[in-house]
Amino acid sequence: MKSFNQNSVILFFLLFLIYAVCPAQGQSLKRQLTEQDYNKWGMIKPGPISHDGKWLSWSVHYDAGQDTLFVAASSGRNCYKFAAALQGNFLGNEIFYFQNTGKNGYLIELTSGKHHNIGQTGKTVVWESYLVAANPEFKGISVWNNEGSKLKEIKDIKQFSVSSSRQALLYITHTNKKSWLHLSLLNSKEKISESEISLGEYQDLTISKPIWSEDNKSVSFYCKTERDTTVFYFDINRNELRQLNNSHFSNGMKIDFDGNLSLTSRGEVLATIRDAALESIETPIVEVWNTLDKVIYPKALETHNWKYAPKTLLWNPKTGKIQQLTTTDYPQAALVPGGQYALIWNTDHYEPQFEWVSNIDLYLLNVGAGEKKILLKNQQNSSLSWQISPDGKYLTYFTEGNWYNYNFSKGIHAKLSNNFQAGSDTSSSKAAPNATVLWTKDAKSILLCDAFDIWLVSADGTYTKRLTSGREHNIIFRIPQQQGVSPLKPIIDGWGSSSVDMTKDIVLEARAPDYSKTGYYLLKKNGVLETIVFDQSRNYNLAQAGKTISWYSERYDSPTAIRCRTGKKPLVDVTQNQKSIAEFYWGESKRISYQWKNHLLGGILYYPADFRKGKKYPMIVHVYEKQSQRLHYFIRPSLYDGEGFNVTNLINKGYFVFLPDIVYQLGSPGDSALNCTQTGVAAAITDEAGIDAAQLGLIGYSFGGFEASFIATKSTMFKAIAAGAGITDFASSYFSLAENYNIPEYFRFETFQMRMGKPFHENIQGYIENSPVYQAAGVKTPILIYTGGKDKQIRHNQSREFYFALRRLGKPSILLVYPQEDHAFEDRKAIMDLTHKIEVFFGHHLKGLEKEDWMEPNF
């Protein structure tokens with residue numbers, strides 16, 4: 001192992017080069033984990049992988065101290081470690097660029113270890129084997145080759161971008177009131193050809209992020225000057241620049257610089273325009289809320305009932321033809337590839353309605369003729385429930401538990417899921433698809449999923465073939481979103497489908513229904529399934545490049561490792577440099593099975609780090625719907641988990657921790673949580689004699705905060721309870737505003753997580769019976785309540801109401817309000833304080849430790 005210091009090059013930065021396998025670290029003697037040790041483990045963030053798959057990168061983020069960047073050979077032979085470094089990228093296959101926290105850029109030749117300091121950099125993009133780096137002030141860019149030599153420096157930059165093929169570099173300059181578009185192209189031998197064209201003369205200008213066509217043959221962007229806002233379109237093959245500005249509109253509309261922008265496969269531009277009158281609308285002196293309005297006042301204010309909402313237009317730069325696709329009546333649109341049709345709809349059509357996302361009526365618009373007809377009525381509206389095929393021939397949609405295709409040219413609907421069940425029930429009244437739609441690359445077939453398996457179905461639904469045998473082997477198969485699958489693409493307000501190349505081997509994601517095993521299989525071109533990995537670990541974050549497949553693997557008692565398989569070569573663990581837990585006492589996770597009514601459930605029991613048979617330990621129970629999927633998660637100790645709860649912290653302080661699964665009976669979310677939790681805890685106590693049944697604590701946050709609060713009103717099983725940011729008064733919450741969505745909270749109770757299933761006035765007694773506030777007289781346990789003062793997801797007044805109910809009843813309770821925090825705490829001091837207070841609270845009530853001053857009255 002070699003290392004060298006770069007302090008002579010730049011202060012406060014240390015570059016470590018380990019030109020060997022990253023070494024494992026650990027000691028044979030075990031010791032107790034302390035808070036001072038927490039920072040030994042960081043959160044791993046995936047990084048890029050080289051095109052040939054021979055190198056991969058990742059970074060480790062620590063709660064305190066410098067983040068670290070790693071680049072390792074997939075063979076496991078070489079590994080580089082860069083302290084105080086930010087995420088990097090590959091130039092070609094064997095050059096890696098990264099920037100340190102001091103904004104100094106470095107190029108590393110991975111095979112030799114030679115490095116080049118290219119000085120201070122800002123935004124950077126990779127241009128094949130070149131690096132394009134802006135200076136920190138974004139006033140110029142430099143182009144560097146992979147040997148660390150600066151090929152050119154360009155000043156007065158307004159914007160720059162590289163095409164997705166990495167063959168074209170576009171940059172725009174502005175000097176002496178003149179603006180120019182420059183294009184640099186790479187040929188097959190990476191020789192650079194240059195061209196430029198004038199954008200015009202302006203005092204100054206602002207350029208939006210350039211948007212490239214899918215074939216990288218054209219590019220478009222917005223340009224805002226003191227005179228106008230313009231859409232520019234540049235045809236690379238013809239070296240032609242065309243523009244659309246506000247003079248083309250005579251109806252008070254103007255181009256929206258901040259609006260959507262995209263290019264079609266035919267070289268047309270989808271741009272956004274807005275009514276100029278919007279700029280002169282004054283804030284009203286009074287808000288008028290009418291119960292007969294389609295949407296409530298704050299929602300209407302977002303769009304002005306769509307009158308002044310942005311409109312989508314289709315511009316053909318070659319012919320100059322302009323067509324407005326959306327209107328006030330139909331403000332959303334998705335252009336079908338090919339350009340002949342568009343889908344249009346209005347998300348407010350079924351308003352007033354009381355679900356989170358409204359259903360829609362989809363209309364088919366003939367773009368050329370301007371004629372529309374109804375296509376789908378009352379259709380679920382999400383990227384999971386309807387998509388346009390990549391070739392634009394079909395609309396694939398999910399309704400009433402089944403998938404269908406609509407053939408645009410033939411006008412025919414065909415059912416696809418004839419031989420299997422394509423959806424499953426959710427907490428709402430709607431069935432949801434088992435998985436998203438995937439088309440084959442040749443667009444002849446579509447891949448759909450039942451509860452276990454993947455099915456290949458012809459586009460017309462006449463042919464069906466099951467590709468996996470998961471049901472027989474109790475394995476759930478899915479196709480993961482990774483490099484072998486084209487990503488889901490937004491088409492203005494609609495969605496295009498993903499596609500997969502069935503002429504190549506495909507990696508499949510696999511797991512046991514109870515998450516006891518996870519892994520990946522290879523579906524060969526001949527239809528044979530080959531196991532890559534399937535074991536009692538959490539295997540996730542798949543990446544593919546060249547012949548290499550990499551993934552992350554972990555167990556609760558085994559830190560995250562990155563593993564690689566290249567062809568038929570042996571499996572390689574490239575992250576042996578991760579801090580080992582061998583020197584510490586560390587607990588284990590175990591599945592606990594139990595039954596409630598006709599439901600077979602599971603929970604996770606975590607053992608105290610220094611567990612000894614024959615000794616009794618207190619246990620803390622964490623509630624939130626189903627949690628058994630976390631069985632093999634490695635949980636690093638931390639003082640900065642947003643809800644103040646960390647399993648590893650607690651087991652190292654001498655607790656068991658139990659995470660029960662909860663299922664729900666519609667209309668009885670409180671009793672469901674109570675019964676499942678108590679049944680699960682009883683099963684854990686029966687299974688493990690080391691649990692002290694007299695020293696049990698309960699904690700939950702958000703929906704779990706409601707569950708913990710409700711359980712506190714009914715159960716004497718727990719000696720101390722912590723409840724964070726939970727709904728406690730169903731009535732007041734139901735009749736309030738969901739500020740994050742600007743809709744009434746009705747949806748959360750009728751068809752969403754609170755699972756009441758009926759409006760308040762149809763089940764008043766049920767709403768009262770499930771509200772902790774109205775059941776507070778039953779509380780016999782000290783409760784720690786906590787919330788953020790700026791919480792817009794679950795208003796902080798819900799925690800205050802429960803506190804006031806307990807105060808009036810004389811029940812022991814403490815309320816913690818963090819004034820500046822939202823639902824997800826972000827301030828590190830606040831999170832650390834909350835974590836500390838929760839641990840002190842349980843320490844006092846479950847272990848007899850001393851109180852702190854804040855727990856005393858009149859603090």
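**Figure 1. A nonpolar patch on the surface of a predicted model.** Welcome to the first close-up of this predicted model. I285, V286 and V288 together make a nonpolar surface patch of about 360 Å². Where along the chain should you look for V288? You will find V288 in the loop between β25 (269-275) and α1 (297-303). V288 counts as exposed because its relative accessibility is 55%, and the cut-off for exposed is over 50%.

**Figure 2. W345 and W386 meet edge-to-face.** How many aromatic pairs does a search of the whole structure find? The search finds 58, and here is one of them: W345 and W386 form an edge-to-face pair, with 5.3 Å from centre to centre and 85 degrees between the planes. W345 belongs to strand β29 (residues 341-345) and W386 to strand β32 (residues 386-388), so this pair ties together parts that are 41 residues apart in sequence. Are these two residues buried or exposed? Both W345 and W386 are buried.

**Figure 3. F730 and Y767 pair up between two helices.** Here is another aromatic pair to explore: F730 and Y767 are also arranged edge-to-face, with their centres 6.2 Å apart and their planes at 80 degrees. The pair links distant parts of the chain, with F730 in helix α6 (residues 730-734), Y767 in helix α8 (residues 764-769), and their positions 37 residues apart in sequence. F730 is buried, and Y767 is buried too.

**Figure 4. Charged side chains sit over aromatic rings.** Take a look at K123 and F160: the charged end of K123 sits over the ring of F160, 4.5 Å from the ring's centre. Now turn to R755 and Y664. What is the distance between R755 and the ring centre of Y664? R755 lies over the face of Y664, and that distance is 4.0 Å.

**Figure 5. N117 and its polar partners.** N117 lies in strand β9, which covers residues 115-120. N117 counts as partly exposed because its relative accessibility is 30%, which falls between the cut-offs of 20% for buried and 50% for exposed. Which residue shares a side-chain polar contact with N117? The partner is N104, and the contact between the two side chains is 3.1 Å. The side chain of N117 also has a polar atom 2.8 Å from the backbone nitrogen of G119. For a wider sense of place, compare N117 with S498: these residues are 381 residues apart in sequence and 40 Å apart in space, C-alpha to C-alpha.

Technical notes. Residues numbered from 1 in each chain as written. Predicted model: local features only at pLDDT ≥ 70, side-chain atom pairs only at ≥ 80, totals over all residues. Heavy atoms only, no water. Patch = residues over 30% accessible without salt bridge, like charges linked within 9 Å, V, L, I, M, F, W, Y side chains within 5 Å. Areas by Shrake-Rupley, 256 points an atom, 1.4 Å probe, with all protein chains shown as cover. Salt bridge = Lys/Arg side-chain N within 4 Å of Asp/Glu carboxyl O. Helix = DSSP H or I, 4+ residues; strand = E, 2+ residues; numbered from the N terminus. Buried < 20%, exposed > 50% of the residue type's maximum accessible area, 1.4 Å probe, protein only. Phe/Tyr/Trp six-rings, centres within 6.5 Å; stacked < 30°, edge-to-face > 60°. Lys NZ or Arg CZ within 6 Å of the ring centre and 35° of its normal. Polar contact = N/O pair within 3.5 Å; in protein donor to acceptor, adjacent residues only side chain to side chain.
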